[in-house]
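Here are my notes on the model, set out as numbered points. Please read them with the structure open.

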Amino acid sequence: MTNLPPVVNLAAASRQLSEPWQPRVVAALNDVHFKVAYVLGEFPWHHHGDTDEAFLILEGEVLLDFPDGTRTIGPGELCVVPKGLEHRPRSTAGARIALIEPAGVRNTGNLTDDAKTTESDVWL
């Protein structure tokens, strides 16, 4: 049975992470990566000029700030941020999330020199 594809438990994978804002790839579908992350505090305002970005909340609550307001998303909820839209995710109590985006996407988007920029496409 070694030819069967793996099954990934996103919530369990996200619980392996203790450092906030360090997304890790857990699966790939064509050129799309499924990432998990632990988030706590504020991430910088940024945008992705070439791609949409999907946030799926596994545990906790995330506030997604936009120029025109804020969306609060909780467990089981998904928000797709359209390409080019400025946004800032934040979580006061901490949250476990999944991100769905093309391979190679920089986590801080258009920001070129930010302390929270991480290497892209690091696998868990």
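**Notes on the predicted model**

1. Fold order. Reading from the N terminus, the elements follow the pattern α-β-β-β-β-β-β-β. That makes one helix and seven strands in the chain. Please keep in mind that this is a predicted model.

2. Overall dimensions. The chain has a radius of gyration of 14 Å, which agrees with the value near 14 Å for a compact globule of 124 residues. Along the principal axes, the C-alpha atoms fill a box of roughly 50 × 30 × 25 Å.

3. Burial and surface. Of the 124 residues in the chain, 40% are buried. The accessible surface of the chain is about 7000 Å². Carbon and sulfur atoms account for 51% of that surface.

4. Contact range. Take the contacts between residues at least 6 apart in sequence: 64% of them join residues at least 24 apart.

5. Cavities. How many cavities of 30 Å³ or more does the structure hold? There are two. The largest has a volume of about 120 Å³. Its lining has 13 residues, and the closest to the cavity centre are Trp 21, Phe 43, Glu 53, Leu 99 and Asn 107. 

6. Source of the main lining. Which elements give two or more residues to the lining of the largest cavity? They are strand E2 (32-42), strand E3 (53-60) and strand E7 (88-102). E7 provides the largest share, four residues. By class, this lining has nine nonpolar, two polar and two charged residues.

7. Second cavity. The second largest cavity holds about 60 Å³ of space. Its lining is made up of Pro 23, Val 25, Lys 35, Glu 101, Val 105, Asn 107, Thr 118, Glu 119, Ser 120, Asp 121 and Val 122. Four of these lining residues are nonpolar, three are polar and four are charged. Asn 107 deserves a look in both places: it is listed among the residues closest to the centre of the largest cavity, and it also lines the second largest.

8. Trp 21. This residue sits in the loop between H1 and strand E1 (24-29). Is Trp 21 buried or exposed? It has a relative accessible area of 8%, under the 20% cut-off, so it counts as buried. Its phi is near 65°, a positive value in a residue other than glycine. Most residues other than glycine have a negative phi. Trp 21 is also among the residues closest to the centre of the largest cavity.

9. Asn 30. Here is another positive phi in a residue other than glycine, near 55°. Asn 30 lies in the loop between E1 and E2. Its relative accessible area is 75%, over the 50% cut-off, so Asn 30 is exposed. Trp 21, by contrast, is buried. Please check the backbone at both sites, Trp 21 and Asn 30.

10. His 33. Strand E2 contains His 33. With a relative accessible area of 9%, His 33 is buried. What does His 33 touch, not counting residues up to four places away in sequence? The contacts are Val 25, Ala 27, Ala 28, Leu 99, Ile 100, Glu 101, Pro 102, Ala 103, Asp 121 and Trp 123. Three of those names, Val 25, Glu 101 and Asp 121, can also be found in the lining of the second largest cavity. For a distance check, take His 33 and Glu 77: they are 44 residues apart in sequence, and their C-alpha atoms are 19 Å apart in space.

11. Ser 14. Helix H1 (residues 10-14) includes Ser 14. Its relative accessibility is 0%, so Ser 14 counts as buried. Neighbours within four places in sequence aside, Ser 14 is in contact with Val 36, Ala 37, Leu 58 and Arg 96.

12. Gly 69. Where is Gly 69 placed? It belongs to strand E5 (residues 69-73). At 32% relative accessibility, Gly 69 is neither under 20% nor over 50%, so it counts as partly exposed. Gly 69 and His 87 are 18 residues apart along the chain, and 9.8 Å separates their C-alpha atoms.

Methods
Residues numbered from 1 in each chain as written. Predicted model: local features only at pLDDT ≥ 70, side-chain atom pairs only at ≥ 80, totals over all residues. Heavy atoms only, no water. 1 Å grid on protein atoms, 1.4 Å probe; cavity = no way out; pocket = protein on both sides within 12 Å on 5 of 7 lines; lining within 4 Å. Points joined across faces, edges and corners; volume = space filled by probe spheres on them. Nonpolar A, V, L, I, M, F, W, Y, C, P; charged D, E, K, R; others polar. Rg over C-alpha atoms; globule rule 2.2 N^0.38 Å. Buried < 20%, exposed > 50% of the residue type's maximum accessible area, 1.4 Å probe, protein only. Contact = heavy atoms within 4.5 Å. Areas by Shrake-Rupley, 256 points an atom, 1.4 Å probe, with all protein chains shown as cover.
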